[in-house]
Amino acid sequence: MSEERCRPDELRTLFLFEKLTDAQLDWLCQRGRVEVMPAGPVYAEGDPATRFYVLLDGTVVLSRRLRGADIEATRTSQPGVYAGAWQAYLGDRVQQRYPSSMRVTEPSRFFVLDAEVFAQLMNEWFPMAVHLLGGGFLYRANLQGLTGQRERLLALGSLSAGLTHELNNPAAAAVRATASLRERIAGQRQMLGTIAAAPHDHESLEALIRLQEQAAERVPKAQPLSPLEASDREDAITGWLESHGLDDGWQLAPAFVAAGLDVAWLEQVAAAVDAAALAGALRWLSCTIETELLMNEIEDAAARISALVGAAKQYSQLDRAPYQVIDVHDLLDSTLVILAGKIPPGIRVVKEYDRSLPAIPAYAAELNQVWTNLIDNAVSAMDQAGVLTVRTGLDDDRVVVDICDTGPGVPPEIRDRIFEPFFTTKPVGQGTGLGLDISFRIVVNKHHGDIAVDSVPGDTQFRVRLPVTQVNTDPAVSMNSNSLFSERAVVRHAPAR
C-alpha cells in the first residue's frame, strides 16, 4: 500500500462530495488520505470497522462468508462508491463491524477516512441529518424486526390452524371407523357362533369360506357407482334378501353394493348354504364386508394423515439442507396442501404445470414462504369465490411460476407501492404490509430472480422467475447492507398479455 496527495478537485468529481464547499473539501483532504491498494484483500468481514473507503479508481469486490465459502455479492468499478465504516455516525448504538469482506482485483485508489473522523464530519456538518438518519434507521430496524417476527408468527399460527383442521378430519374419521370396526368384529364373532351351531357339512363350510374370501377380495376392487346406480342395485338386493327371509335386508344391502356384489353373487351363497343357515351366513358375510370397508376407511384416513404430515415436512424443509436442488412443483403442491383449510369451497384451484421443467437450486423453505404469501393474497382478493390458477413454465433460462386470481385486481395507482415494506391495503390489524416485501427479498435478493405483477379486474397475475442454474453471488447479502448501492432494481410489471 502507498499514499498519494489528496486533491480537493478530484474529490469534487465524485457524486458523494460534489455539493461540498471548497473549505469542506480542504477539511477532508487535511484529515483523510488517498491510498493505493495492491490487488488483494482490504478488510475482512466481522473485523472492527475502523475506516470509511471511497473508490477513486480500480475495481472492488464485496463478499460474504457463507457456510465456509466466500460468496461474491458486488463487483464494481464506479468511482465514488463507498464501503466500510459508513455507519460510524451512529456510534455505539450499532455494532461497528465490517458487514462483508472487501478486496480489489487490480491496484485501486481510495479516499480513506478514519471512522472517528467520518463520524465527526457527519455530526458537525449534518447534525439534523444524523438525527433523522439515526432515528429512522434504528426505528425501522426495530419495527421491521418486531413486525417481521409478528408476520412469521401469524403465518405460522394460520398454517398451524389450517393443518390442524386438515388433520382433524381424517383423524376423526379413523376414530369413528375404529369404533364401528370394534362393533362389527364383536358381531362377527356372535354370527360365527350362530353359523357353527347350525348343521353344515364340510363342503358347505369350505364353500362359505371361499365366498367370504371372494367378498373381501372384491371390496378394494369395487368400482364407484353413481347415486342412481347404487340406489337401483340396493333396491334389487334388498328385494332378494327379503324374499329369502331377511326382514332387515335394507340394512345389509348397502354393504353388498359397496363391495361391488350383486344378486347373482347372492345366488351363489344361497346355493352353497342350507336354507336354514342362509340368513346367518348372509349376515356374517355382510359383517365381513363392512369390516373390510372400515379397514379401508382407516387406511385411507391414515394415508391422508401421512400425506399431510409429508406435505408439512416438505413445506417446512426441516430435514433438508437450506440450499438444495428442488422440483418447484413439490414446493407448490406442499404449500397448496398446507393452505387447503384456508381456501373457501367457492374458490376452485387449477394447476397448470409444465412437468418438463428442470430442478433448480433454491432455498426451498423460503420459496414456500413466497408461495404462501402470494396464494394467501390471491385467496383474500377473491373473498369467497373465484379461480386460483398456479401455473409453471420456462422462460429462456428461468423457471416461471404464475399465481393468478380472478379478484378485483390491483389498482394502477398503488401498483408501484405493493412491494414496499409496511404498505398494505388490508384493514388495520389484518395485514402487516410485509408479505410482498418479504417475497421480494427472497426472490430478488436471495435467489437473484424477479417478481412482477400484471393486473386488470378479474385477472391478476404475480409472476416469479427463478434462475435454472446457480448464480455466483450470495443471495443472503443485500446490496444495502454493503453500502455500495442503495436501490433495488427489478421489473415490477409484467408485459401486457
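**Exercise 1. Determine which residues Leu285 touches, and whether Leu285 is buried or exposed.**

Step 1. Leave out residues up to four places away in sequence; Leu285 then touches Leu208, Leu211, Gln212, Phe256, Trp265 and Val269, a contact being a pair of heavy atoms within 4.5 Å.

Step 2. Place the residue: Leu285 belongs to helix 9, residues 278-316. Helices (H or I, at least four residues) and strands (E, at least two) are DSSP runs, numbered from the N terminus.

Step 3. Check the burial. Leu285 has a relative accessible area of 0% and is buried; buried means under 20% relative accessible area, exposed over 50%, and partly exposed in between, with a 1.4 Å probe and protein chains only.

Step 4. Compare sequence and space. Ile209 is 76 residues away from Leu285 in sequence, and the C-alpha atoms of the two are 9.4 Å apart.

Step 5. Follow one partner, Phe256. Phe256 is one of the buried residues of helix 7 (residues 249-258), together with Gly249, Leu252, Ala253, Ala255 and Val257. After helix 7 comes Gly260, with a positive phi near 80 degrees.

The model is predicted: local features need pLDDT of at least 70 and side-chain atom pairs count only at pLDDT 80 or more, while totals for chains, interfaces and linings use all residues. Residues are numbered from 1 along each chain as its sequence is written, and side-chain values use heavy atoms, with hydrogens and water left out.

**Exercise 2. Describe the sheet with the strand order 1-2-9-4-7.**

Step 1. Establish the type. The five strands form an open sheet with antiparallel pairing; two strands pair if DSSP finds at least two bridges between them.

Step 2. Find the edges. Strand 1 (2-4) and strand 7 (82-84) each have a single partner strand, so one side of each has no neighbour in the sheet.

Step 3. State the turn between neighbours. It averages 35 degrees, direction ignored; axes are lines fitted to C-alpha atoms, for helices over the stretch in contact, and angles run from 0 to 180 degrees between N-to-C directions.

Step 4. Go through the pairs. Strand 1 and strand 2 run antiparallel and are joined by three bridges, with Ser2 having Val36 as its bridge partner in strand 2. Five bridges link strand 2 (residues 33-37) to strand 9 in the antiparallel sense, and Glu35 has Phe110 of strand 9 as its bridge partner. Strand 4 (residues 51-57) also pairs with strand 9 in the antiparallel sense, over six bridges; here Val54 stands opposite Phe111.

Step 5. Assess the cover. Six of the seven residues of strand 9 (residues 108-114) are buried.

**Exercise 3. Describe the sheet with the strand order 11-13-14-16-15 and the helices that lie across its strands.**

Step 1. Establish the type. This is an open sheet of five strands with mixed pairing. Its edge strands are strand 11 (347-352) and strand 15 (450-456), each pairing on one side only. From one strand to the next, the twist averages 15 degrees.

Step 2. Examine one pair. Strand 15 and strand 16 (residues 459-467) run antiparallel, joined by seven bridges. Asp454 faces Gln461 of strand 16.

Step 3. Add helix 10. Helix 10 (residues 328-339) lies across strand 11, strand 13 (386-395) and strand 14 (398-405), and runs at about 165 degrees to strand 13.

Step 4. Add helix 11. Helix 11 (residues 364-382) lies across strand 11, strand 13, strand 14, strand 15 and strand 16, at about 25 degrees to strand 14.

Step 5. Check the length of helix 11. Its 19 residues reach 27 Å from first C-alpha to last, close to the expected 27 Å; the expected span is 1.5 Å times one less than the number of residues.

Step 6. Inspect its burial and its end. The buried residues of helix 11 include Leu367, Val370, Trp371, Leu374, Ile375 and Met382. Just after helix 11, Asp383 takes a positive phi of about 60 degrees.

**Exercise 4. Summarise the chain and its confidence.**

Step 1. Count the elements: the chain has 13 helices and 16 strands.

Step 2. Take the burial: 45% of the 497 residues count as buried.

Step 3. Read the confidence. The mean pLDDT, the predictor's confidence in each residue from 0 to 100, is 78 for the chain, and 77% of the residues reach 70 or more. Residues 427-432 have pLDDT below 50, and this stretch makes eight contacts in the model beyond near neighbours in sequence. Residues 472-497 are also below 50, with 84 such contacts.
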